[in-house]
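Trainee: I am new to this one and would like to go through it step by step. Could we look at it together?
Mentor: Gladly! Here it is.

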Amino acid sequence: MSTAQAVPAAAGESYLHHGRGVRSWLLTLDHKRIGIMYLVLVIGALFLGGVFAMVLRLHLWSPGGALVSNDAYNKLFTLHGAVMVFLFVIPGIPSALGNFVVPLQVGAKDVAFPRVNLLSFYLYLAGALLFVGALVAGGLDTGWTLYPPYSLEDARGLGILLALTGVFLAGFSSILTGVNFIATIHKMRPPRMGWFDLPLFLWALYATGIIQIIATPVLGITVALGFLERLFHLGIFLPEYGGDPVLFQHFFWFYSHPAVYIMILPAMGIVSEVVSVFSRKPIFGYRFIAMSSIAIAVIGFLVWGHHMFVSGQSRWTNVIFSFLTLLVAIPSAIKTFNWLATMYKGAIVLKTPMIYVLTFFAIFGVGGLTGLFLGALATDVPLHDTYFVVAHFHFVMVGAVVTAFLAGLHYWWPKMTGRMYDERLGRISAALVFLGFNLTFIPQFLAGVAGMPRRYATYAAAFQGMNRLSTVGAMVLALGMLIAAWSLLGSLFRGRRAPANPWGAASLEWAAASPPVHDNFESPPAVVYAYDYSGLELISEEAGWARAGGTSR
Amino acid sequence: MLHSTERLTSALLLAGTGFMPERASSVAPGVDGVFAFIFWLSAFFLAVIVVLTVLFVVRYRARPARPAPEPSPAHDTRLELLWSGIPLALVFVIFGVATKVYLEMSRQDAGASAHRVQVTARKWSWWFDHPGGKGAKELHLVVGRPTELVMASADVIHSLYLPDFRLKQDVVPGRFTRMVFTPSLAGTFPIVCAEFCGTNHSQMNARAVVHPDQASFDAWAREGLQPEASLVEVGKRVFDEKGCMTCHSVDGSPGVGPTARSMWGRMEKLADGGSVQVDENYVRESILKPSARVVSGFENVMPPIPLEEREIQGVIAYLQSLKEGP
Amino acid sequence: MSAPSPGSAPAARAPFLAPHFGSMGSQLDTAKLGTWLFLASEVLFFGGLFTAYAVFRANHPDLFHYAHHFLDWRLGALNTVVLIGSSLSAAWSVRCAQLGQRRGLRAALLVTLLLAGVFMVVKYTEYSHKLHHGIGWGAAYHPTAEILESLPAALRAVPAPEHLGTFYSIYFLMTGLHGIHVLVGMGLYLWLLRRAGRGDFGPGYYVPVDMVALYWHIVDMIWIFLFPLFYLV
């Protein structure tokens with residue numbers, strides 16, 4: 001441990017004040033500070049990707065393109081996708097929120113390997129800087145999917161090499177985070193905390209960790225091969241040297257489809273936490289939800305071929321992948337119905353996190369159900385690579401994941417900062433995000449059904465109405481996000497002090513102070529089932545909730 | 001029975017798939033039927049989710065009169081198995097109906113008398129070599145005649161997408177891919193590229209012309225085969241059909257490559273620092289080996305275009321004619 | 001994995017117990033789990049290359065049959081024996097650390113390091129011989145007349161298959177990535193030797209020796225797959 005950590009914390013001193021100065025942050029081994037540093041970068045990536053998205057939408061205001069050249073448009077959508085996927089959605093919930101919450105929820109002082117955790121942060125930072133470098137070096141216009149031979153042609157310059165290295169480093173960071181979380185959840189629990197006492201957020205991150213460890217190295221080797229192929233013409237992916245471009249697609253999707261579950265599983269974990277706490281009722285069907293996370297992780301490895309139904313792979317391969325893909329519907333349905341059943345006969349409190357979660361149900365419903373059209377072969381053939389696909393994955397990766405991320409951010413904000421955000425602004429932002437999101441992406445479903453392919457800098461005049469609706473929606477969505485940012489940042493200065501347990505939640509992070517002390521808990525917390533609300537009573541809005549008599553099981 | 005199913009399907013389509021383009025191939029009605037089935041199934045489940053969410057929020061909202069939850073079970077295995085089992089059963093049904101239609105769509109054998117077209121994709125144009133030897137930048141088909149497209153790419157991955165036919169197939173360099181189908185409606189339909197392929201991906205369009213009968217196709221196939229009147233016309237046709245115009249404008253506007261207007265005879269600065277006058281030899285070299293000498297300020301992205309001698313001469317004549325003005 | 005440097009932990013605690021662990025036992029358990037998870041990831045990393053190997057071998061068996069004649073199975077076998085030996089000494093080092101035999105520990109670590117060095121020297125000989133004769137990866141495959149002479153007569157009689165460079169791309173990628181892992185292992189053994197010399201390890205604390213040995217066994221295992229796949233086609 002570094003010397004800064006060796007000094008015992010004065011009782012009651014929060015982690016934010018334990019050690020001062022830039023060094024105490026940059027060299028910290030404290031999972032909470034690492035989580036906050038991730039949060040800052042991840043939100044920076046969201047902002048950058050969001051700016052790209054707004055330029056794209058404004059460009060598509062008119063069929064011939066309103067703003068930029070075709071080449072500039074192609075670079076913008078590539079960077080929008082790459083920044084959002086690799087720098088925001090994949091690390092967003094696990095690395096930023098997860099880092100802060102996981103050790104607290106298992107009642108530990110830190111993650112299993114704090115130094116590996118810091119290394120993982122710097123790998124992510126290096127990856128992010130390389131992306132910025134790629135942007136400065138003239139950008140890249142390959143799409144985030146990086147399909148060769150286009151992506152590895154000689155005309156693609158330095159940008160592609162920097163971006164591939166960036167993906168490699170960000171992927172390595174993701175692997176180390178997964179190792180850390182699984183080891184933490186396995187080994188750092190107090191002896192009396194059983195597997196089925198854990199908050200479901202931890203089950204979700206556990207399943208995520210499995211995917212990170214098994215799938216991400218394949219992405220690593222794929223981008224490494226791409227890098228070497230571009231430089232030395234190995235003949236692995238480039239057909240003119242004897243390579244096979246479709247092999248790249250297999251490798252890429254072997255990672256990138258499970259990566260979708262790296263994104264959505266933690267989001268589902270947040271939903272499980274919030275829906276129970278704000279219904280004031282134990283989660284319904286704990287074991288089914290926990291096991292469905294694992295089931296999604298496992299099935300997720302067997303479905304990558306559905307991205308390649310029209311790539312020329314054999315029809316019977318397609319049939320098998322189609323069947324496996326459709327199976328993902330079942331664990332997803334289980335979760336959805338169990339969440340709804342949790343609300344049944346509850347005492348529902350409509351605070352901001354809960355409002356985000358309620359909108360999550362509708363958005364995830366649309367995102368999941370439209371997946372059926374793409375998993376089923378007959379409908380995927382015409383819809384593949386059209387705006388229908390764009391709308392579908394934005395419903396899942398943006399609609400559902402960002403909504404859950406915002407729910408989680410508002411939910412844990414008092415714990416992270418010690419301040420309460422403005423409830424009124426929070427609700428307004430949630431409503432605007434929901435409206436703007438639907439207005440942006442529902443027209444894109446229609447455009448896709450009508451036959452508009454994706455990644456088009458210009459389009460047929462018949463699609464203009466849908467594109468304009470979508471652009472207006474994007475502005476509303478951006479406004480909603482800006483209001484959320486304004487409300488959260490403002491709370492740092494104006495917000496009232498948060499009590500230890502403002503929501504009446506039963507999981508262990510709420511047994512720590514808000515914000516927690518350096519070692520998380522001043523005394524070992526009493527271990528209870530994460531959804532056991534018995535005995536929790538509201539003292540007052542200012543003092544929050546407390547367990548009468550301090551009972552434990 | 002079949003008739004009523006079809007009527008039911010089309011009634012549903014009006015609500016669910018009203019945005020779909022025309023149905024111009026024999027598999028299109030099947031695809032739309034699957035789409036409608038999944039659409040209404042999804043609409044039902046989405047309605048269940050939204051209605052229950054709203055209902056529960058209204059009914060079970062915490063109020064001063066109702067501060068705590070009512071007792072209810074923390075799990076119910078039978079109920080949970082029920083809502084695992086129903087989706088499982090429905091997944092089997094979706095898989096069954098969709099796969100049945102797909103196996104029809106992905107047929108490999110078009111039969112001995114098929115209408116065979118060789119498709120070549122390149123950045124950013126399509127080329128179709130039809131039975132009887134006629135090549136064109138439009139795809140010409142015949143209603144009711146089984147058709148086989150054999151597709152190759154000269155550079156990167158493209159994807160031939162016929163929205164009205166509900167068909168799509170990637171075109172991969174280094175191998176041939178195939179598409180087998182039967183057009184069912186005469187008319188003209190768009191062809192677009194669905195796999196991102198660079199600068200002018202969104203303008204890589206063509207048309208599929210479906211002739212009402214074989215005689216109409218044969219007449220078209222014959223008409224182009226007479227020798228052209230002049231070299232300039234040959235060059236103009238090549239310039240148009242090989243997609244040269246996508247990058248080299250003929251009106252002087254900037255593009256991916258240098259404009260063809262006033263190109264002839266111009267002194268060009270080269271990317272490697274030298275310079276060259278645009279003459280017969282440089283034009284020939286730039287068509288057959290475009291990367292040999294690239295004009296400064298432009299990307300080295302042009303693929304080699306294997307033209308015949310008369311066609312190259314035609315292009316030269318056409319460039320000269322552009323210089324002199326129309 | 002997260003062993004602190006001496007002198008920074010509170011006095012009452014064991015010198016190498018990190019502050020967020022309750023006991024040395026739980027620290028060892030956790031480190032083991034973490035190492036195994038990381039090694040699982042490593043295996044998948046190589047797995048991508050094994051898949052590439054399988055795909056190209058299935059599609060172009062002629063290419064593999066032809067190209068492997070440039071590889072000398074005797075050198076490959078020698079390296080296999082060397083690595084198996086180093087795995088033994090790595091296992092021995094863990095046992096010495098657990099029993100507190102400091103001299104034995106240092107000797108076992110040194111033997112492992114030296115054997116790894118022998119492996120790299122043999123590998124260097126192989127690489128330089130090939131590159132000298134124009135046996136390169138992908139587009140850099142231009143064999144000299146001299147090396148073509150060394151092929152069996154039956155093979156010389158038939159035309160060489162196309163894209164032989166792809167075989168050597170895969171060869172250099174897989175053995176090269178493995179070689180990088182050996183180099184990393186040598187670095188780790190140097191570090192262990194330094195710490196062993198300082199007397200850090202004993203029955204109470206041998207986490208790093210144990211973890212590095214685990215890593216080393218996996219590196220050896222991968223070679224045991226590479227050897228037959230390339231040299232004994």
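Trainee: Let's begin with confidence. Over which residues of chain C does pLDDT stay under 50?
Mentor: Keep in mind that this is a predicted model. The low-confidence stretch of chain C still has 25 contacts beyond four places in sequence in the model. The stretch where pLDDT stays under 50 is residues 1–11.

Trainee: And what is the mean pLDDT of chain C?
Mentor: Residues 1–11 of chain C stay under 50, but 94% of the residues of chain C reach 70 or more. The mean pLDDT of chain C is 89.

Trainee: What ipTM does the predictor give the complex?
Mentor: Two scores come with the complex. Its pTM is 0.87. The ipTM is 0.92.

Trainee: Now the chains. Which pair of chains has the most contacts?
Mentor: There are 2 pairs of chains that touch. Chain B and chain C are not joined by any contact, and their closest C-alpha atoms lie 13 Å apart. The pair with the most contacts is chains A and B.

Trainee: Which helix gives the largest share of the side of chain A that touches chain B?
Mentor: The contact between chains A and B takes 71 residues from chain A and 72 residues from chain B. Several helices of chain A each supply at least two residues of that side, among them H4 (70–105), H12 (352–375) and H15 (423–449). The largest share, 9 residues, comes from H11(A).

Trainee: How many residues on that side of chain A, the one touching chain B, are nonpolar?
Mentor: Let's take the other classes before the nonpolar one. The side of chain A that touches chain B has 8 charged and 16 polar residues. Its nonpolar residues number 47.

Trainee: What about chain C: which helix supplies the largest share of the side of chain A that touches it?
Mentor: Here the contact takes 35 residues from chain A and 32 residues from chain C. Helices H1 (3–6), H5 (114–136), H6 (158–187), H7 (200–232) and H8 of chain A each supply at least two residues of this side. By class, the side divides into 22 nonpolar, 8 polar and 5 charged residues. The largest share, 8 residues, comes from H7(A).

Trainee: How does the radius of gyration of chain A fit the globule rule for 553 residues?
Mentor: Chain A has 16 helices and 2 strands. Its radius of gyration is close to the 24 Å that the rule gives for 553 residues, so chain A is as compact as a globular protein of that length. Along its principal axes, the C-alpha trace of chain A spans about 70 × 50 × 45 Å. The radius of gyration itself is 23 Å.

Trainee: Are H3(A) and H16(A) roughly parallel or roughly antiparallel?
Mentor: The axes of H3 (residues 31–59) and H16 (residues 464–494) of chain A come within 9 Å and cross at roughly 155°. Angles over 145 count as roughly antiparallel. Therefore H3(A) and H16(A) are roughly antiparallel.

Trainee: Which residues of H3(A) make the contact with H16(A)?
Mentor: H3(A) passes H16(A) in a left-handed crossing. From H16(A), the contact uses Ser470(A), Thr471(A), Ala474(A), Ala478(A) and Met481(A). The residues of this contact divide into 6 nonpolar, 3 polar and 1 charged. From H3(A) come Gly50(A), Ala53(A), Met54(A), Arg57(A) and Leu58(A).

Trainee: How many charged residues are in the contact of H8(A) with H14(A)?
Mentor: The axes of H8(A) and H14 (residues 387–417) of chain A come within 9 Å and cross at roughly 45°. That angle makes H8(A) oblique to H14(A). Among the residues in contact are Val260(A) and Ile264(A) of H8(A) and Phe405(A) and Tyr411(A) of H14(A). By class there are 15 nonpolar residues and 1 polar, and the charged residues number none.

Trainee: Where is Pro149(A) found?
Mentor: Most peptide bonds are trans. The bond joining Pro148(A) and Pro149(A), however, is cis, with omega about 0°. Pro149(A) lies in the loop between H5 and H6 of chain A.

Conventions
Residues numbered from 1 in each chain as written. Chains lettered and ligands numbered in written order. Predicted model: local features only at pLDDT ≥ 70, side-chain atom pairs only at ≥ 80, totals over all residues. Axes fitted to C-alpha atoms, helices over the stretch in contact; angles between N-to-C directions. Helix = DSSP H or I, 4+ residues; strand = E, 2+ residues; numbered from the N terminus. Parallel < 35°, antiparallel > 145°, perpendicular 65-115°, else oblique. Left-handed = near helix turned anticlockwise from the far one by under 90°. Contact = placed C-beta atoms within 7 Å. Nonpolar A, V, L, I, M, F, W, Y, C, P; charged D, E, K, R; others polar. pLDDT = per-residue confidence, 0-100. Rg over C-alpha atoms; globule rule 2.2 N^0.38 Å.
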